[in-house]
Amino acid sequence: MENDHFVYILQCKDDTLYTGYAVDVEKRLKVHESGKGAKYTRGRGPFEVVYVEQCSSKSAALKREYEIKKLRREEKEIMIQQYEKGEKT
């Protein structure tokens, strides 16, 4: 379990999207919901995890997080739709 690295996207209550990195997405979600997560997410809960991608290493996950953060919202929404349908991105 300690070798798992994930990139995730949260949908915030204000309909914005937040992309982050975690080794345990559920645990990280609880941190966001407690108001102790990223500065951006404070006051924007509740959250819904709308996308999760497993990566082979921390560096791969951080690189992927950066790539996703650079995407336009429309591109992220396509990724989320494909994820919800069980398709690979």
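S1 and S3 make a good place to start: the two strands pair in the antiparallel sense over seven bridges. This is a predicted model, so please read what follows as a tour of computed geometry. Three strands form an open, antiparallel sheet in the order S2-S1-S3, and the tour moves from that sheet to the helices, the cores and a few individual residues.

**The sheet**

- The edge strands are S2 and S3, each of which pairs on one side only.
- On average, and with direction ignored, neighbouring strands of this sheet are turned by 20° against each other.
- To pick out one bridge, Leu10 has Val49 in S3 as its partner.
- H2 packs on the sheet and touches S1, S2 and S3; the direction of H2 makes about 170° with that of S2.
- H3 lies across S1, S2 and S3, and runs at about 80° to S3.

**Helix H1**

- Val25, Leu29 and His32 are the buried residues of H1, a helix that spans residues 25–33.
- Why do they lie on the same side of H1? They cover an arc of only 60° around the axis, which puts them there.
- Those buried residues pack against strand S1 (5–11), strand S2 (17–22) and strand S3 (48–55).
- On the face turned away from the buried side, H1 carries the exposed residues Lys27 and Lys30.
- At the start of H1, a side-chain oxygen of Asp24 comes to within 3.2 Å of the backbone nitrogen of Glu26.
- After H1 comes Gly35, with a positive phi near 85°.

**The nonpolar cores**

- As background, nonpolar side chains tend to be buried together in soluble globular proteins.
- The largest nonpolar core here has eleven residues: Val7, Ile9, Leu17, Tyr21, Val50, Tyr51, Cys55, Ala61, Ile68, Met79 and Ile80.
- Two or more residues of this core come from each of S1, S2, S3, helix H2 (58–70) and helix H3 (73–84).
- S3 gives the most to this core, with three residues.
- A second, separate core has ten residues, among them Cys12, Ala22, Val25 and Ala38. Val25 is also one of the buried residues of H1.

**Around Tyr21, His5 and Phe6**

- Tyr21 is a member of the largest core. Not counting residues up to four places away in sequence, Tyr21 touches His5, Phe6, Tyr8, Arg28, Lys58, Ala61, Leu62 and Glu65.
- His5 lies in strand S1 and counts as buried, at 12% relative accessibility.
- Which side chain makes a polar contact with the side chain of His5? The partner is Tyr21, at 2.8 Å.
- Leaving aside neighbours within four places in sequence, the contacts of His5 include Ala22, Val23, Glu53, Cys55 and Ala61.
- Phe6 also lies in strand S1 and is buried, with a relative accessible area of 15%.
- With residues up to four places away in sequence not counted, Phe6 touches Gly20, Tyr21, Ala22, Val23, Val25, Val52, Glu53 and Gln54.
- The C-alpha atoms of Phe6 and Arg72 are separated by 20 Å; these two residues are 66 residues apart along the chain.

**Glu53 in S3**

- Is Glu53, a residue of strand S3, buried or exposed? Glu53 counts as buried because its relative accessibility is 18%, and buried means under 20%.
- The side chain of Glu53 makes a polar contact with that of Arg64, at 3.0 Å.
- Glu53 is also among the residues in contact with His5, and Phe6 touches Glu53 too.

**Backbone details worth a look**

- For context, most residues other than glycine have a negative phi, and most peptide bonds are trans.
- Asp15 has a positive phi, near 70°, in a residue other than glycine.
- Where is Asp15 placed? Asp15 sits in the loop between S1 and S2, and is partly exposed, with a relative accessible area of 41%.
- The peptide bond from Gly45 to Pro46 is cis, with omega near 5°.
- Pro46 itself belongs to the loop between H1 and S3.

Conventions: Residues numbered from 1 in each chain as written. Heavy atoms only, no water. Buried < 20%, exposed > 50% of the residue type's maximum accessible area, 1.4 Å probe, protein only. Helix = DSSP H or I, 4+ residues; strand = E, 2+ residues; numbered from the N terminus. Arc of directions from axis to C-beta. Contact = heavy atoms within 4.5 Å. Polar contact = N/O pair within 3.5 Å; in protein donor to acceptor, adjacent residues only side chain to side chain. Core = buried A, V, L, I, M, F, W, Y, C linked by side-chain atoms within 4.5 Å. Pairing = 2+ DSSP bridges. Axes fitted to C-alpha atoms, helices over the stretch in contact; angles between N-to-C directions.
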